[in-house]
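Biologist: Could you walk me through this model and show me how each term is earned?

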Amino acid sequence: MASFATMYMSIDKYDHQAVDPAAIKAALRPEDRWLTSRTERLKAEVTRSIEACDLHKACRALEEYILEDLSRWYVRLIRDRMWSEAADLDKLAAYHTLYEGLMASVKLLAPFCPHIAEEIYQAMDGRMATVHMSDWPTADLSLIDERVEASMALMQELVDEITKERQKKNVKLRWPLKRIVVRANDQAAIDLIRPMEEVLLSQANVKEIEYVPPGEEWDELILDVIPNPNAIGKVYRQWSSKIAVMLKNRPAQDVRDAIERGEYSLGIEGQVIRIEPNMVSFSTEVPENVTAVAFERGDLYIDFNMTPELEAEGFAREIIRRIQQMRKDMKLDVEEFIRAEVRAPFDVEENLKPWREHIMKEVRAVELEFTDSPQGEHRVGWEVEKQKIDIALTSMRVKEATMTFKQVPGLSDETAAALVKAGKRSFDDLRGMSEQQLAEIPGVSRTDAKNILQHMGRLVAPSEQGEAEDRDRVLELIMRVPRMNRIKAELLYDAGFDSQSKLAACDPNHLREVEGLGSKTLQEIIDYAAAGGFQKVVQCKNCCCQVQPHEAACPSCGTPVRRRRSRSRRRRPPPTRTSSRRPSTS
């Protein structure tokens with residue numbers, strides 16, 4: 001949960017201190033107000049339990065809030081908002097609410113789990129040296145909304161009931177349902193559902209919700225007449241069986257309406273037969289593929305009838321899930337783009353085509369092609385609803401390519417992005433192009449083209465860049481790179497990156513040929529080289545003497561050179577205290 005928050009907040013560069021509280025308050029959705037209410041209630045409950053020395057109650061409240069409210073519910077509710085590309089107020093409202101909930105729970109958790117709380121605090125905030133120096137969270141009781149919490153509790157109950165029925169019918173959550181019909185016991189229950197309709201529909205994956213007025217029956221229920229042979233036989237003994245057959249063949253609703261008016265009769269052999277209320281009873285059945293379940297405030301009817309449109313959406317969701325799993329297997333960055341090729345049976349392919357743009361958006365694909373022979377870096381065969389589907393993915397390496405081109409001195413982010421947009425991924429893709437051809441790429445100036453060609457002239461394979469330098473000297477130089485250790489440094493040296501000049505002019509394509517280095521380590525090396533780290537002379541913080549790139553410590557005073565931390569890691573000083581500031585018990 002904390003990693004989910006930090007990942008998306010870092011991508012969007014969310015700054016909690018920079019948001020406008022008034023604007024955020026106006027943009028809050030019902031689910032945001034619900035979590036805010038639950039957060040303030042948690043603060044009050046944990047504080048009250050600690051002051052009463054009921055530590056088990058405080059821990060139980062924290063456990064329920066973190067697992068149920070935050071992780072298993074609220075994060076599910078806002079996931080789609082996190083995937084939105086636009087940094088609008090709606091997304092900021094979700095970030096703000098999640099941040100407040102996480103930080104409150106971390107501070108409340110600090111006395112019980114100091115190290116875990118410290119880890120999350122430094123990743124989320126870290127403005128103070130340690131979470132244990134933070135003020136104890138104080139509850140704002142005005143933000144506790146009983147009605148919103150009751151409404152959300154009802155939504156959770158309904159979603160649970162629908163999920164159970166899905167499992168019984170073996171219908172996955174990814175497959176949308178046509179509709180649900182709610183027959184509430186009273187209007188108050190309907191009034192609790194209406195503000196949270198979007199939550200219910202999204203979490204249950206249902207397209208539509210209908211309401212039956214309290215006190216009435218759903219008009220699509222199938223009404224059936226059940227004759228009472230004993231009662232009929234006492235009055236019309238010789239015609240008993242015939243009357244029963246005639247009643248079964250008449251419209252049940254007409255029979256019931258007439259009996260309720262006291263006017264229903266049948267004609268047999270010239271005789272008028274009056275049907276009394278005790279001679280019949282009535283039963284109702286749900287329509288085909290509809291399930292009826294009872295919940296605390298009424299009855300719920302779930303329509304499992306599937307239409308071609310719903311099937312198409314279901315297959316699209318299945319393909320999205322498979323591609324996301326393949327992205328995970330490829331260890332792709334969440335921001336990375338891909339090219340996807342899919343082979344599917346004709347009818348499935350036709351179902352997927354209207355959802356092509358949606359699939360591309362969800363999996364960050366710049367291309368999605370349906371073909372008989374999918375090709376790519378990673379290919380997997382899947383079975384989806386007994387249909388065989390092959391998917392092949394290729395990473396576009398947009399982020400990596402942008403950083404590669406940023407090695408050119410003076411090249412801007414915009415120019416690097418323009419090269420990537422033109423389909424260029426490495427300097428090898430630019431080889432053979434003239435200055436004029438480079439300058440014709442939209443977004444690349446003639447000066448940029450000249451600088452690129454000059455830089456490429458200096459890029460040669462490590463084996464072509466001269467003799468190796470002293471091993472220990474070069475290893476110390478490599479050890480300055482973030483995420484680096486001795487084993488990785490030796491792998492680099494043994495692969496031919498055995499001098500300062502070779503490291504400074506390293507080509508990402510040659511680096512990727514080094515076995516044993518992960519993608520994140522490779523990216524750190526590329527970034528470090530692009531920033532001039534292998535040639536940068538630093539100043540000793542103790543005596544101000546100059547320290548050369550290959551030196552691990554100051555030659556004058558012996559002070560070790562601090563390795564530059566990875567940009568993906570936040571500074572995390574060790575906690576200085578192991579107890580959080582508690583409210584006064586006086």
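Modeller: Happy to! Let's begin with one term: contact, or touching, means that heavy atoms lie within 4.5 Å. Keep in mind that this is a predicted model.

Biologist: Which residues does His-455 touch by that rule?

Modeller: Leaving aside residues up to four places away in sequence, His-455 touches Gln-407, Val-408, Pro-409 and Phe-427. His-455 itself sits in helix 19, which covers residues 446-458.

Biologist: Why is His-455 called buried?

Modeller: Buried means a relative accessible area under 20%. His-455 has 8%, so His-455 counts as buried.

Biologist: Now the helices. What makes helix 3 and helix 5 roughly parallel?

Modeller: Helix 3 (residues 30-51) and helix 5 (residues 89-109) pack at an angle of about 15°, and their axes are 10 Å apart. Angles under 35 degrees count as roughly parallel, and therefore these two helices are roughly parallel to each other. Their crossing is left-handed.

Biologist: Which residues make the contact between helix 3 and helix 5?

Modeller: Helix 3 brings Asp-32, Leu-35, Thr-36, Thr-39, Leu-42, Lys-43 and Val-46, while helix 5 brings Ala-93, Ala-94, Thr-97, Glu-100, Gly-101, Ala-104 and Leu-108. Sorted by class, this contact has 7 nonpolar, 4 polar and 3 charged residues.

Biologist: And how do you know whether helix 3 is roughly parallel or roughly antiparallel to helix 4?

Modeller: Look at the angle again: helix 3 and helix 4 (residues 55-83) pack at about 170°, with axes 10 Å apart. Angles over 145 degrees count as roughly antiparallel, so helix 3 is roughly antiparallel to helix 4. The residues of their contact divide into 15 nonpolar, 2 polar and 8 charged.

Biologist: Let's turn to the sheet. Why are strand 2 and strand 7 said to stand at the edges?

Modeller: The open sheet has 4 strands in the order 2-1-8-7, with mixed pairing. Strand 2 (209-212) and strand 7 (290-295) each have a single partner strand, so one side of each has no neighbour in the sheet. On average, and ignoring direction, neighbouring strands here are turned by 20° against each other.

Biologist: What makes strand 7 and strand 8 a pair?

Modeller: Two strands pair if there are at least two bridges between them. Strand 7 and strand 8 (residues 298-303) are joined by 6 bridges and run antiparallel, so by that cut-off they pair. Among the bridge partners, Ala-294 is matched with Asp-299 in strand 8.

Biologist: Which helix packs on this sheet?

Modeller: Helix 7 (residues 146-169) does, touching strand 1 (179-184), strand 7 and strand 8. The direction of helix 7 makes about 140° with that of strand 7.

Terms used
Residues are numbered from 1 along each chain as its sequence is written. This is a predicted model: local features need pLDDT of at least 70, side-chain atom pairs count only at pLDDT 80 or more; totals for chains, interfaces and linings use all residues. Side-chain values use heavy atoms; hydrogens and water are left out. Axes are lines fitted to C-alpha atoms, for helices over the stretch in contact, and angles run from 0 to 180 degrees between N-to-C directions. Angles under 35 degrees count as roughly parallel, over 145 as roughly antiparallel, 65 to 115 as roughly perpendicular and the rest as oblique. A crossing is left-handed if the near helix is turned anticlockwise from the far one by less than a right angle, and right-handed if clockwise. Ala, Val, Leu, Ile, Met, Phe, Trp, Tyr, Cys and Pro count as nonpolar, Asp, Glu, Lys and Arg as charged, and the others, Gly among them, as polar. Buried means under 20% relative accessible area, exposed over 50%, partly exposed in between (1.4 Å probe, protein chains only).
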